[in-house]
Amino acid sequence: FANTIADDDSCIRRSILCRTHKNETIDSFSYAVYKTYCRKHSLTPYVPDLGDYNEFSFCYSGKPGAYEIISLVDVLNGTVDTRTFKDCIVLVGAYAPGMQDAFNTPVNRSEQMYGVEIHANIIEAFLEEKTYHPLPSLWSAIATGLLAMLYYLILTKSQSSPDSAQTDTPVRTFGSLFARINIISGTLIGIALIAAELLAGRFLFGRGIELPLLTLPVFLILIYAFQLIGSYIEERMKRKQIVSAFKKYVAPQIVDELSQKGQFEIALGGENRDIAVLFVDIRGFTPLSESLEPEQVVKILNEYLALTTDAIFRNSGTLDKFIGDATMAIFNAPFDLDDYVYRAVCAARDIVAGSSELQDRLYKQFGKTIKFGIGVHCGPATVGNIGCDVRMDYTAIGDTVNTAARLESNAKGGQILISDTVLKRLENRIAVSEVGTIPLKGKSKEVMVYQLDEILS
């Protein structure tokens, strides 16, 4: 039988040495010719290293047309002297286009080689022992496993490196993924390992050793994809944790908008913005805390802070900070917020409305109750991250903040004090009672103050 084997790229690089049929070993055409030659010259036949199904790889000795070609017609007509064939191996086969006996070979991609010449190359490979020895499967598996493990360790070390985990501000969540996994060096190392395998394969191939070249790239690609997907999932989880933590300080809808933009700006510095500031404080908290157990004080304080936080977030405000038993919130920062002065007043109204239920509940539990004093003012302020590289707060500073704090300190329990600036901006949307001009600590001029009675629209 004259079968050869075409690889996936349609090139013939391998042939079959023999087959077993009815308990009889049948040699292939090329090997039968070669063994006949060996018997005639009293030579021991060469047996190549075989792979699965008795296959072997061989080296081509010549390109298409490299062997001497003689037309069979000239032989039959006597034009060719028969002594030409003395001590030669002569193959007779189709050698013309259109006879379905031409194939692709690795020696010349642009020109096919006829089957008779392919068998000539196979026979010469036997004669010169130019077949390839497959690298033992165990050695190949060990080498592939060690290189794959090395690549995995490189990617893992790169991913967990403290240097790679740190990113300069501003921090971009998806960008930090690539910084952490160090994708550029991971890609270059993978390409370098594949290139090294190809060079090693070429080197060994020139010395008659056939190295499987597909296994290692497949493993490296799988490891690369595994690490990339794993890092992406880990980054998504961490991002979710950051977003969840951030929602404890900023209104959830603002955080959602921030996260959709794909980046968190965390840098020292500020900007001038027009904002509304709300301060709320518990009246009589100090004597109350002295008459209760610490656990009870903490419970009351937590319920109060939960009430104020919910009211602030419900009106899209930003929880700036807790100052003991006081709460500070700003509106129109860090993002532009429509109708932010009105939202600040609504938050104050919601806190007072919610305090009634809280007061009743605390009185039933502890026989004590609390009331809130609230101040709201609006105007320009400096807003941003203030502090140092290792510790910073997002806050607002300036006269607007100080005025709001002074309004709150002058408010009685259950009273909401607003400035004339707030009243002018909201005009007919709120109902107020005039408190009058009162001196505010730290301000040279007295400020006209009003008590918020009702929100009309």
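Two strands count as paired here if DSSP finds at least two bridges between them. Strand β5, residues 55–58, and strand β8, residues 131–134, pair over two bridges, in the antiparallel sense. At one point along them, Phe-58 is opposite Thr-131 of β8.

Before going on: this is a predicted model. Its mean pLDDT is 83, and 88% of the residues reach 70 or more. I will come back to the weak part at the end.

So, the sheet. Which strands make up the sheet that holds β5 and β8, and in what order? There are five, running β1-β2-β5-β8-β9, in an open sheet with mixed pairing. In general, strands of a sheet pair through backbone hydrogen bonds, either parallel or antiparallel. The edges are β1, residues 4–6, and β9, residues 209–210; each has a single partner strand, so one side of each lacks a neighbour in the sheet.

Next, what packs on this sheet. Helix α3 does, with contacts to β1, β2 (12–16), β5 and β8. The direction of α3 makes about 90 degrees with that of β5.

α3, residues 115–127, also packs with helix α1, residues 29–40. Their axes are 9 Å apart and the angle is about 45 degrees. Angles from 65 to 115 degrees would be roughly perpendicular, and under 35 roughly parallel; α1 and α3 are therefore oblique to each other. The crossing of α1 past α3 is right-handed.

Which residues meet there? From α1 they are Phe-29, Ser-30, Tyr-31, Val-33, Tyr-34 and Tyr-37. From α3 they are His-119, Ile-122, Ile-123, Phe-126 and Leu-127. By class, that contact has nine nonpolar residues, two polar ones and no charged ones.

Further along the chain there is a hairpin, made by β13 and β14 with two residues between them. β13 covers residues 371–388 and β14 covers 391–397; they pair in the antiparallel sense over seven bridges. Within that pairing, Gly-384 stands opposite Thr-395 of β14.

Now the confidence. Where is it lowest, and where highest? The lowest is helix α6, residues 173–181, at a mean of 43, and the highest is strand β15, residues 415–419, at 96. Over residues 161–181 pLDDT stays under 50, and for that stretch the model has 36 contacts beyond four places in sequence. Where pLDDT is low, the predicted coordinates should not be read in detail.

That is all I have.

Notes
Residues numbered from 1 in each chain as written. Predicted model: local features only at pLDDT ≥ 70, side-chain atom pairs only at ≥ 80, totals over all residues. Heavy atoms only, no water. Axes fitted to C-alpha atoms, helices over the stretch in contact; angles between N-to-C directions. Helix = DSSP H or I, 4+ residues; strand = E, 2+ residues; numbered from the N terminus. Parallel < 35°, antiparallel > 145°, perpendicular 65-115°, else oblique. Left-handed = near helix turned anticlockwise from the far one by under 90°. Contact = heavy atoms within 4.5 Å. Nonpolar A, V, L, I, M, F, W, Y, C, P; charged D, E, K, R; others polar. pLDDT = per-residue confidence, 0-100.
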